[in-house]
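Open the model in a viewer with the cartoon on and the sequence panel visible. The stops below go from one selection to the next.

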Amino acid sequence: MTLIAETAELEALCGRLADADFITVDTEFLRDSTYWPKLCLLQVAGPQDVAAIDTLAPNLDLSPLLALFDDPRLMKVLHSARQDMEIFFHLNGRLPAPVFDTQVAAMVCGFGESVGYDTLVRKMTGAHVDKSSRFTDWSRRPLAERQLTYALADVTHLRKIYEKLERRLAKSGRAAWLEEEMAILTSPETYRLEPELAWRRLKTRSNDRRYLAVLRALATWREHEAQQRNVPRGRVLRDEQLFDIAAHRPATEEELARSRGLNKDMARGRLGKAILEAVGQGLALPDKDLPRPPAKQSAPNGAGPLMDLLKVLLKLRCDEHDVAQKLIASSSDLEQIAADDEADVLALKGWRYDLFGRDALALKRGSVALSAAGNKVRIVSVKEPQEAD
């Protein structure tokens, strides 16, 4: 097993991988005590080479590998790549491309919803992946042999899986389906964390616009603070503390000290001052600039049976085409379709529209129906009634 901790060794590896058609990539990282993921190990494999790269090694320069990630001729293959791509974006300011996510490709090819790596290995290669080291502390050194064995298995089996999935996609003509998903995965907008938008992730039921203004100011401040200190948001303030402060809008240190989970020392310190400033910003915002509650598209009254029909239609079409339902539409998407024929959901665009969206709108309009015969459900056309002479 190869563990690379020197730049010269990494340069030699990347030199050998540069002529390959593809490489497989995986990472091991920690995030429980930091805002940004802490990259601890990076595994990469080509047709012949396989290595684990010690990203914590003090004398290691990752530039040769990052240059490889930038090569537009070289396919980078990952499984469930979202978190790995986020790490690369914040590490390098750019994203590897082109990219092939085997989890998404597996959903396109009918392997079910968000299939796990070990399941995919077993189904496609017959091998067994030992996951006993899954929750290990990857920041500790030295790494044990069992840890390296586990880590390298995440890229060695991936080679065969990629080749098989690529052939399936080519045979089924679904390569373009995957390309749409990879365009989202390789877009920098997917990974930009704008503090000013952090409030939109908070699950609050209040529609009071002044409350939302204070909550937005608090959430923006907390996001900046967490990023600068590189700690999880909850280490600064928990969500329920933000809600409490936004609701009571303290104006003094004494009032702030009565907020949930705060004490007099915190209220009088640097954080307390910053919190009160954020509350003041939200209160001072002109009425015309107050944030509006996020739009909630809900199905019209009595649309429950329509939702049930759309769910049946979705399952029917996905079973027919052997593709995961999750890849086509979520329950929220179906609710939006039930409410609006022009809903801004992926299910009404591109290949998803051809597979499901067109029939979903036709079902709403009554031009098609679902019919059952025995244990089979099918889509049937509904003729318009003839007008009387």
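Which residue of strand 4 does V44 stand opposite? Select V44 and look across to strand 4: the residue facing V44 is A51. The model is a predicted one.

Now select the two whole strands, residues 38-45 for strand 3 and residues 50-53 for strand 4. They are antiparallel and are paired over four bridges.

Stay on V44 and turn to strand 2, where V25 is the residue opposite V44. Seven bridges link strand 2 with strand 3, again in the antiparallel sense.

Select strand 2, residues 22-30. Seven of its nine residues are buried, so that strand 2 is mostly covered. Strand 2 also pairs with strand 5, in this case parallel, through three bridges. To find one of these contacts in the sequence, pick I23, whose bridge partner in strand 5 is K76.

Zoom out to the whole sheet. It is open, has six strands in the order 1-4-3-2-5-6, and its pairing is mixed. Select 3-4 and 99-101: strands 1 and 6 are at the edges with a single partner strand each, so one side of each has no neighbour in the sheet.

Next, show the helices that pack on the sheet. Helix 2, residues 63-70, touches strands 2, 3, 4 and 5, and its direction makes about 125° with that of strand 2. Helix 3, residues 82-92, touches strands 2, 3, 5 and 6; here the angle with the direction of strand 2 is about 85°.

Technical notes:
Residues are numbered from 1 along each chain as its sequence is written. This is a predicted model: local features need pLDDT of at least 70, side-chain atom pairs count only at pLDDT 80 or more; totals for chains, interfaces and linings use all residues. Side-chain values use heavy atoms; hydrogens and water are left out. Two strands pair if DSSP finds at least two bridges between them. Contact means heavy atoms within 4.5 Å. Axes are lines fitted to C-alpha atoms, for helices over the stretch in contact, and angles run from 0 to 180 degrees between N-to-C directions. Buried means under 20% relative accessible area, exposed over 50%, partly exposed in between (1.4 Å probe, protein chains only).
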